[in-house]
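Reader: I am new to this structure and would like a close look at a single part of it. Could you take one helix and work outwards from there, explaining each term as it comes up?

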Amino acid sequence: AFTFLHLGIFCSMFSSETCPKPRKVSQEGTGQASCFFTQANTTQRLREGDIVVTKSRSAIGCSDHSCFWPQSSDGIVRVPYVFSPDYDEAQIRWINEAMAEFEILTCIDFVNHTTESDYLSIKSGKGCWSHYGKIGGGQILSLMKKGCMWKGVIQHELNHALGFLHEQSRSDRDSYVKIMWEYISAGNKGNFKKSENSNNLGLQYDYSSVMHYGTNAFSNTPGRATIIPIPDASVPIGQRYGLSNLDVAKINKLYNCNRCSTVLDSPSGSLSSDNHTSKYSSSNATCFWLIRIPSKRVSLQFDAFSLKSSTDCKTEYVKIYDGVSQSSEVLLDKTCGTKSPPVVTASGRTVLVEFVRGGTGAATGFKISYSSGRSNPRKNGRESDANNVKSETSGKIIGQECPLTRKIKSRYCL
Ligand SMILES: [Zn+2]
């Protein structure tokens, strides 16, 4: 039997919390096709088509996809949510901004709950935790207001609710990380259990996943790592800046999203419409690139530019936003033709590039290089952080220890 206690960046003292009835379905993560049913110390695993029943409990399966959020006929997966009155305006803005990245990069839309029977009830409980997948009814997702208000932490919990497990629970993890069992106390070993039957969606192991534990997770010995990337131990793990490109790809695959989107999270790099052309089917008329650099301000420069011309660039254009969504301020309005646009500098670390392809005729497309420009001194001397949630200053939360209590068996604290 293993429990599902997970590394809490901030998980503490849940024992007094009311726990919704034994976790019905938990769709196991990284897009697994199997579901877990846990109660007390028992885990029942269900796979599509074949059900393994343990001990006294029978269980319903997830072969009917009941642990996924349903997809509407327009291809959008709407996940209703409601906030408890716990949060102030800024906290709601942070959570909404973390949600906005899903919405631009995937077909997941978090929508205000109205009459739907299944929804997320987001509250400031004790810690950051979520169930796996859709369990039915109003399922709690806890984002403690003092402790979970980081973009990557919020997205991590939302990703659990979509059905994703921790990255280092994948069936193939032993090829990528070494678990240092000697530094993990007996009561915490369950957190490092490998999921033998995980559905890895045909996508590679992702050290930079927002679902990966940090290197010191649950260490019982200060200074001793519990997870070491192999063969290169220096590869960073446990980031909580935001969804990685592979996190996004996995969501899009699991939920059959017809989305053309890329996350770029290096300090500098490039993107081009040529990649788009070769990578995606021509039926995709719109592509997005979310550039999220670790610090300072994003600066973009066009190295090549040739798009079909049209009146007001209606049919084919590039447009750049100062933030994570199309409702962010516009840095470069619809631009087409062959005149190279000027250098664009954002107010912060995040920029969204939109490319809409259409019209007739031929054009060679564009290439953009980006880098971190200088920081933006404000009057008080602090770096501008206008379009970034607090999460991006959050280096210190990573790898923080999690004081675990008993009785959390059904919960997935971060
Ligand atoms: Zn987690």
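Author: What follows starts from helix α3 and moves on to its surroundings. The model is a predicted one, in which local features need pLDDT of at least 70 and side-chain atom pairs count only at pLDDT 80 or more, while totals for chains, interfaces and linings use all residues. Residues are numbered from 1 along each chain as its sequence is written, and side-chain values use heavy atoms, with hydrogens and water left out.

Helix α3 spans residues 245–254; helices here are DSSP runs of H or I with at least four residues, strands are runs of E with at least two, and both are numbered from the N terminus. Seven of the ten residues of α3 are buried, so that the helix is mostly covered, where buried means under 20% relative accessible area, exposed means over 50%, and partly exposed lies in between, with a 1.4 Å probe and protein chains only. The buried residues are Leu246, Asp247, Val248, Lys250, Ile251, Asn252 and Leu254. What covers them includes α1 (89–105), β5 (108–112), α2 (151–162) and β11, contact being taken as heavy atoms within 4.5 Å.

Among these buried residues, Lys250 has a relative accessible area of 1%. Its side chain reaches the backbone oxygen of Gln204 at 3.2 Å, which falls under the heading of a polar contact, that is, a pair of N or O atoms within 3.5 Å, of which, within protein, one must be able to donate a hydrogen and the other to accept it, and where residues adjacent in sequence count only if both atoms are side-chain atoms.

The helix also takes part in the largest nonpolar core, which has 49 residues; such a core is a set of buried Ala, Val, Leu, Ile, Met, Phe, Trp, Tyr and Cys residues joined through side-chain atoms within 4.5 Å. Elements that give two or more residues to this core include α3, α2, β5 and β13 (286–292), and α1 gives the most, with seven residues. Among the residues with the most contacts inside the core are Ile108, Phe110, Leu162 and Tyr255.

On the side before the helix, the loop between β10 (227–229) and α3 holds Pro231, and the peptide bond from Ile230 to Pro231 is cis, with omega near 0°. Just after α3 comes Asn256, with a positive phi of about 50°, in the loop that runs between α3 and β11. Most residues other than glycine have a negative phi, and most peptide bonds are trans. Asn256 counts as exposed, at 59% relative accessibility, whereas Leu201, with a positive phi near 60°, is buried at 10%.

Strand β11, one of the elements covering α3, belongs to an open sheet of five strands in the order β11-β13-β18-β15-β16, with mixed pairing; two strands pair if DSSP finds at least two bridges between them. The edge strands are β11 (261–264) and β16 (330–335), each pairing on one side only.

Helix α2, also among the elements that cover α3, spans residues 151–162. A zinc ion has as its protein donors His156, His160 and His166, each through NE2 and at 2.0 to 2.1 Å, where donors are N, O and S atoms within 2.8 Å of the metal (3.2 Å for Na, K and Ca), and sites may look incomplete as water is not among the atoms. Along the chain these donors follow the spacing H-x3-H-x5-H, and both His160 and His166 are buried.
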